[in-house]
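Colleague: I am new to this one and would like to learn what the labels rest on. Could you take me through it?

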Amino acid sequence: MTSDVILVGTGQMAKAHAAVLAALDVGFTAVSRGEASATRFTEETGHPAVAGGLEARIRAHGAPARAVVAVPIVDLAATTRLLVDAGCKEILLEKPAAVDAAGIFALARHVATTSARVTVAYNRRYYDSVTTARARIAEDGGAQSLFFEFTEVGDRVGVLPYDPAVLANWELANSTHVFDTAFFLAGRPAEIEGSISGGLPWHPRGSRWVGHGRTESGADFAYFADWDAPGRWGIEVNTRANRYVLRPMETLQVQKRGTFSLEPVPLDDDLDRRFKPGLYRQTEAWLAGGDDRSIDLGRYASNIRLLSVAILGEPLSKVG
């Protein structure tokens, strides 16, 4: 059993990471700011947590070799800076890495001055539905077109107890799961144009998105979202032979050429059912040094830059 991993955070996401680390027989120390959250973590996971915060832990014991950062979104960037500046070399950082695009770019620039490897935890890349779809798309000769929808349930999101800055950047804080998975399956966007309209009290920048473009591999794509209307996340990837539908994203259906029916694709998704979907395989890969599904912070920042204007509504002149 290894024991050099620090799990920073004791909230729900940290508890999901704790379950996976324990199942992988990885020793870890959970670090919390307050005693109450440390106690709750211990009661719910059976694993002790240390209160007092990360800075005090580093002063007492030095930098950990590896860390999983699962703190609230507003604290992700500062926590990561503290770790890399202390000398931590391997970090699995929960998405979206920072509150806004500017924060992501600043963090990526800072990490690039160190020798740390920071992996952004996009666990949906590790869903068995996504892994199976990716393999089948490759067998078919690759994606030739793509559609994705990232509609959020606006009435529910607007009352969540998040920092207003997180809600104001919700397409980055949450919807980015869809963008990342879609382009992971069909290729990074090489060209993208889009418009944003409408607005909500908690997200005045917009509530409706529509756009299109082309990936580096030559697949045409389109996207849509309306946060002030019914809808749900979904991805559809077309090859010459098949259409692959992930809606919900934990499932996979196929429409074969010349037919109209959608057929379910059998999945080997036991781990996605036992743990938070995708988390087990993601952590396994991170501990082994990464794989072709992993995305490091620098690459992630580059992807966000491509989406800044069309989807995030952030002019590059503003975010840097």
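Colleague: What makes R281 count as partly exposed?

Modeller: R281 has 36% relative accessibility. Buried means under 20% relative accessible area, exposed over 50%, and partly exposed in between, with a 1.4 Å probe and protein chains only, so R281 counts as partly exposed. Please keep in mind that this is a predicted model, where local features need pLDDT of at least 70, side-chain atom pairs count only at pLDDT 80 or more, and totals for chains, interfaces and linings use all residues. Residues are numbered from 1 along each chain as its sequence is written, and side-chain values use heavy atoms, with hydrogens and water left out.

Colleague: Why is the contact of E284 with R281 called a salt bridge?

Modeller: The term asks for a side-chain nitrogen of Lys or Arg within 4 Å of a carboxyl oxygen of Asp or Glu. The closest N and O atoms of E284 and R281 are 2.8 Å apart, so the pair fits the rule. Both lie in helix α11 (residues 279-287), three residues apart, which means about one helical turn separates them. Helices (H or I, at least four residues) and strands (E, at least two) are DSSP runs, numbered from the N terminus.

Colleague: How many salt bridges does this rule give?

Modeller: The count comes to 17. One of them joins R205 and E171, at 3.0 Å from N to O. R205 sits in the loop between β8 (189-197) and β9 (208-215) and E171 in helix α9 (residues 170-186), so this bridge ties together parts that are 34 residues apart in sequence.

Colleague: Is E171 buried or exposed?

Modeller: Buried, because its relative accessibility is 1%. Its partner R205, at 28%, is partly exposed.

Colleague: What makes the empty space inside a cavity?

Modeller: On a 1 Å grid over the protein atoms alone, a cavity is a set of points where a 1.4 Å probe fits but cannot get out. The structure holds one cavity of 30 Å³ or more. The largest cavity has a volume of about 30 Å³, a volume being the space filled by probe spheres set on the points, which are joined across faces, edges and corners.

Colleague: Which residues line the largest cavity?

Modeller: Lining residues have an atom within 4 Å of a point; among them are L92, Y122, R125 and I295. Strand β6 (residues 117-121) gives the most, with three residues.

Key. On a 1 Å grid over the protein atoms alone, a cavity is a set of points where a 1.4 Å probe fits but cannot get out, and a pocket is an open set with protein on both sides within 12 Å along at least five of seven lines; lining residues have an atom within 4 Å of a point.
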